[in-house]
Amino acid sequence: MIRDWAMHRFFTNNGLTDKNRSLLDDYHKENVSEVTNNHDWQNELETELFQGYSPALLTFASICCVIYMMVGVPGNLITIIALFRCKKVSVFS
């Protein structure tokens, strides 16, 4: 209710006509409905995310990402274990 009042106030104060408001309402109803969640997800899933990049570059980037995670996650776990074992930093001693 407050949102509708604010939207009406915004459109009337900015000199927008009812035609523009109806176009905005139609656009909102067609694309996303927050209450009923009527969105065409199949169309969203079929769109290409990284347009213009070569497949070789994307493969290289994904391999680098996996290697970075394989090194980073165990390294951070070793750091956390070392901090727990250190008596100067330990909260429990």
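**Cysteines, helices and a greasy patch**

Student: How far is the sulfur of C65 from the closest cysteine sulfur?

Tutor: It's 8.8 Å from the one in C64, which is too far for a bond. A disulfide here needs a pair of cysteine sulfur atoms within 2.5 Å.

Student: Before we go on, what am I looking at?

Tutor: This is a predicted model, where local features need pLDDT of at least 70 and side-chain atom pairs count only at pLDDT 80 or more, while totals for chains, interfaces and linings use all residues. Residues are numbered from 1 along each chain as its sequence is written, and side-chain values use heavy atoms, with hydrogens and water left out.

Student: OK, how many disulfides does the structure hold?

Tutor: Zero. As for exposure, C65 is partly exposed at 41% relative accessibility, and C86 is also partly exposed, at 30%. The cut-offs are under 20% relative accessible area for buried, over 50% for exposed and partly exposed in between (1.4 Å probe, protein chains only).

Student: And how much of the chain is buried?

Tutor: Just 3% of the 93 residues. The chain exposes about 9,000 Å², with 65% of that supplied by carbon and sulfur atoms; areas are Shrake-Rupley with a 1.4 Å probe, and for residues only the protein chains shown count as cover.

Student: Which fold pattern does the chain follow?

Tutor: α-α-α-α: four helices and zero strands. Those are DSSP runs numbered from the N terminus (helices H or I, at least four residues; strands E, at least two).

Student: What does UniProt say about residues 57-84?

Tutor: The unreviewed entry annotates them as "transmembrane region", though such annotations may be inferred rather than shown by experiment. In the model that span is 100% helix, with its end C-alpha atoms 40 Å apart.

Student: Where does F84 sit, then?

Tutor: In helix α4, residues 55-85. F84 is exposed, at 57% relative accessible area.

Student: Switching topic: how many aromatic pairs?

Tutor: One, going by ring centres within 6.5 Å for Phe, Tyr and Trp (its six-membered ring). F50 and Y53 sit edge-to-face, 6.4 Å centre to centre with 70° between the planes. Planes under 30 degrees apart would be stacked, over 60 edge-to-face and the rest tilted.

Student: Is F50 buried or exposed?

Tutor: In between: F50 counts as partly exposed, at 48% relative accessibility.
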